[in-house]
Amino acid sequence: MPTMPAGTLYRGKVGMWSWVLHRITGVAIFFFLLVHVLDTALVRLSPEAYNAVIGTYKTPIIGLAELGLVAAILFHALNGVRVILIDFWRKGVKYQNVMFWIVVAVALLIFIGFAPRHLAHVFG
Amino acid sequence: MSVVIEQPRSPRSRKGANWEKYGWMYMRASGALLVILIFGHLFTNLFLGEGIKAIDFAFVGGKWSDPFWKVWDLAMLWLALIHGTNGMRTIVNDYASKEAVRKTLVWALWGICAVLVTLGTLVVFTFDPCPAGAAAELLPSFCPAS
Ligand code: HEM
Ligand code: HEM
């Protein structure tokens, strides 16, 4: 019977999962940004063209996807600050674990402040 | 050809500028600035006023008639695209096992980055909030009624 490899200081812990999430959210934001620069460029074509495409941002499905985008940004940005602190702050490594949970808590707080308002705009 | 991974603590053997180090520093410097730029962008465009409901051509016309937001968006455009592209390069380096595939993907990434940075920059600099012949009700209120 193959057994599960035991965890290490890194594997299966906050260090690994924060890296996985940071990577996935980074890729997601990157692909959004490619599309976003293109849709913004439509302001050079005509007001009608821009309004038609930005109109899709206001539909329920894309509106919900925007919540996902904001969640991804919140995690990537705040965890990015955590990574910077681990690299440059003397006590960064010591507190990396606590800082991860602070990142999650702050991201959650901002998200809770944002989501109801955004949903009201999309569905109201 | 298999990849040779050097001992982590062996001294650097290659000559010339250490681009990996500059890339590493850039990820951190741009990241710190992007927190402010992107949070500000999302706050003004998604949170204030009517949020996403309020965004249309006239909204962009209002923002980009103010040099403050032009500089803001240009900084965000350059910093975010180069940060994102360099991050994607790291990921490609991690997962592409064939050297030819890796090279092609990295070239493609920087090609896309260059095109979009150029496009986005031109859009900001050549933007006209009151294009001639456009329907007046779609334009910002400061445009002369046509
Ligand atoms: C759903 C969320 C978003 C909405 C509704 C939105 C909306 C807009 C709008 C209306 C503009 C036109 C100019 C302005 O208002 O400043 C714009 C431009 C821009 N946005 Fe966003 N944005 C969103 C998310 C993002 C994110 C997450 C990023 C960064 C990763 C970003 C990066 C940019 C950039 C770089 C420009 C300038 C583009 C150019 O120079 O052509 N936006 N956005
Ligand atoms: C909002 C502010 C941001 C901060 C503070 C930030 C911070 C960072 C940092 C510090 C890294 C390096 C991680 C490491 O070396 O282990 C990184 C990687 C990365 N970032 Fe960002 N970032 C931000 C925004 C963005 C945006 C807008 C994009 C997409 C356009 C993006 C895409 C990526 C990608 C793809 C990586 C590579 C991930 C990996 O190697 O696993 N980031 N970010």
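This is a tour of a predicted model, going from the contact between chains A and B to the two ligands, the nonpolar core and a few single residues in chain B.

**The contact between the chains**

Start by colouring chain A and chain B separately. The contact draws on 39 residues of chain A and 45 residues of chain B. Between them the two chains bury about 3500 Å², and carbon and sulfur atoms account for 75% of that area. On the chain A side, select Arg23(A), Phe30(A) and His121(A): these lose the most area to chain B, together 18% of what that side buries. Keep Arg23(A) displayed, since Arg23(A) comes up again at ligand 2.

**Ligand 1**

Now select ligand 1 and show the residues around it. The shell holds 24 residues, and the closest are His36(A), His41(B), Asn45(B), Lys63(B) and Asp73(B). The site is shared between chains, because residues from both A and B surround the ligand.

Show the side chains and look at three polar pairs:

- His36(A) places a polar side-chain atom 2.6 Å from a nitrogen atom of ligand 1.
- His41(B) also has a polar side-chain atom by a nitrogen atom of ligand 1, at 2.8 Å.
- Lys63(B) has a side-chain N or O atom 3.0 Å from an oxygen atom of ligand 1.

Which helices supply at least two residues each to the shell around ligand 1? In chain A they are helix H1 (14-41) and helix H3 (60-88); in chain B they are helix H1 (19-47), helix H2 (57-63), helix H3 (67-95) and helix H4 (99-126). Colouring the shell by residue class gives 16 nonpolar, 5 polar and 3 charged residues.

**Ligand 2**

Move to ligand 2, which lies between chains A and B. There are 22 residues around ligand 2, and His22(A), Arg23(A), His76(A), Arg28(B) and His83(B) come nearest.

Again, three polar pairs can be displayed:

- An N or O atom in the side chain of Arg23(A) is 2.7 Å from an oxygen atom of ligand 2.
- The side chain of Arg28(B) has an N or O atom 3.0 Å from an oxygen atom of ligand 2.
- For His83(B), a side-chain N or O atom is 2.8 Å from a nitrogen atom of ligand 2.

H1 and H3 of chain A, together with H1 and H3 of chain B, each give at least two residues to this shell. H1(A) makes the largest contribution, with 7 residues. By class, the shell around ligand 2 divides into 11 nonpolar, 9 polar and 2 charged residues.

**The nonpolar core**

Hide the ligands and select Val43(A), Tyr50(A), Leu34(B), Trp64(B) and Leu81(B). These have the most contacts inside the largest nonpolar core, a set of 57 residues. In chain A, H1, helix H2 (47-56), H3 and helix H4 (96-123) each supply at least two of the core residues, as do H1, H2, H3 and H4 of chain B. H3(B) gives the most to this core, with 10 residues. In soluble globular proteins, nonpolar side chains tend to be buried together.

Centre on Val43(A). Setting aside neighbours within four places in sequence, Val43(A) is in contact with Tyr50(A) and, in chain B, with Phe57(B), Val60(B), Trp64(B), Val123(B) and Phe127(B).

**Single residues in chain B**

Select Ser30(B) in helix H1 of chain B. Is Ser30(B) buried or exposed? Ser30(B) counts as buried, because its relative accessibility is 1%, under the 20% limit. A polar atom of the Ser30(B) side chain lies 2.7 Å from the backbone oxygen of Tyr26(B). Not counting residues up to four places away in sequence, Ser30(B) touches Leu79(B) and His83(B); His83(B) is also one of the residues nearest ligand 2.

Next, go to Arg89(B) in helix H3 of chain B. Arg89(B) is buried, with 14% relative accessible area. Beyond its neighbours within four places in sequence, Arg89(B) is in contact with Glu20(B), Val106(B), Leu109(B) and Trp110(B).

Finish on Trp110(B), in helix H4 of chain B. With a relative accessibility of 31%, Trp110(B) counts as partly exposed. Leaving out neighbours within four places in sequence, Trp110(B) is in contact with Ile82(B), Thr85(B), Asn86(B) and Arg89(B). For a distance check, pick the C-alpha atoms of Trp110(B) and Phe68(B): the two residues are 42 residues apart along the chain, and these atoms are separated by 28 Å.

Notes. Residues numbered from 1 in each chain as written. Chains lettered and ligands numbered in written order. Predicted model: local features only at pLDDT ≥ 70, side-chain atom pairs only at ≥ 80, totals over all residues. Heavy atoms only, no water. Near = heavy atom within 4 Å. Polar contact = N/O pair within 3.5 Å; in protein donor to acceptor, adjacent residues only side chain to side chain. Helix = DSSP H or I, 4+ residues; strand = E, 2+ residues; numbered from the N terminus. Nonpolar A, V, L, I, M, F, W, Y, C, P; charged D, E, K, R; others polar. Core = buried A, V, L, I, M, F, W, Y, C linked by side-chain atoms within 4.5 Å. Buried < 20%, exposed > 50% of the residue type's maximum accessible area, 1.4 Å probe, protein only. Contact = heavy atoms within 4.5 Å. Buried area = accessible area lost by both parts, 1.4 Å probe.
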